[in-house]
Amino acid sequence: GVATRYFNASIDDVRVYNRALSLGEVQQLFADGGGVIVSCDLTSASWSVASVVEGTQVQLITNGDNCTGQQVSLDLWEDDFPAGNDFIQNLGTTTFIGSTATFNWQTVWTFDNGGATPDPEYYFVATLTSNASEFVQSGILDVSQARITLCNDGIDNDGDNATDFPA
């Protein structure tokens, strides 16, 4: 066929990306007048401590380059080496301030029937909400069960419907 319509203008900015841009990235380009898209690169994930007693508040820390304002979703897993791993729950999302995104979580103890000990060994996976292929995994957090000291007073102090006496 013969073209009957022509593009009567000039194009001053042509870009090719190896992936689809997120809505936020397109809005950033528009707001910046066509500036460069800088991708957020997640570099590490860690716990504020390595071992705690249940009920302790810990911090989940995610680090990344060029991530200011980006959000990560945090999934909690229980490590059952060598039997496999169990997804526990999505803890929510948090936003990068500079190169760090932090999230506070109060630990819980659950019986680990697939691991070497009954105490759970948790790790988390931080995933960039604007690009699910960008994620990092933390190391292990060991959570031990709080031990209740029996008063030996003949009263049910630990809520197990049995009076507490010395063994």
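**Notebook: a disulfide and a strand residue**

I began at Cys67, which is buried, with a relative accessible area of 1%. I keep in mind throughout that this is a predicted model.

I next looked for the bonding partner of Cys67 and found that Cys40 and Cys67 form a disulfide, with 1.9 Å between their sulfur atoms. Counting disulfides in the model, I arrived at a total of 1. I then placed the two cysteines along the chain: Cys40 sits in the loop between α1 (23-31) and β1 (41-47), while Cys67 sits in the loop between β3 and β4 (71-80), so that the pair, 27 residues apart, links distant parts of the chain.

Which hand does the disulfide of Cys40 and Cys67 have? I looked up the torsion about the S-S bond, which is about 90°, and therefore I recorded the disulfide as right-handed. For Cys40 I noted a relative accessibility of 7%, and because buried means under 20%, Cys40 counts as buried.

I then turned to strand β3, which covers residues 57-65, and picked out Val58 within this strand. Is Val58 buried or exposed? Its relative accessibility is 2%, so I entered Val58 as buried.

To see what surrounds Val58, I listed its contacts, leaving out residues up to four places away in sequence: Val58 touches Trp47, Ser48, Val49 and Val52, and also Phe103, Asn104, Trp105, Thr107 and Leu141. I followed up Asn104 from that list, and found that its C-alpha atom and that of Val58 are separated by 5.7 Å, although the two residues are 46 residues apart along the chain.

Note on methods
Residues are numbered from 1 along each chain as its sequence is written. This is a predicted model: local features need pLDDT of at least 70, side-chain atom pairs count only at pLDDT 80 or more; totals for chains, interfaces and linings use all residues. Side-chain values use heavy atoms; hydrogens and water are left out. Helices (H or I, at least four residues) and strands (E, at least two) are DSSP runs, numbered from the N terminus. Buried means under 20% relative accessible area, exposed over 50%, partly exposed in between (1.4 Å probe, protein chains only). Contact means heavy atoms within 4.5 Å. A disulfide is a pair of cysteine sulfur atoms within 2.5 Å.
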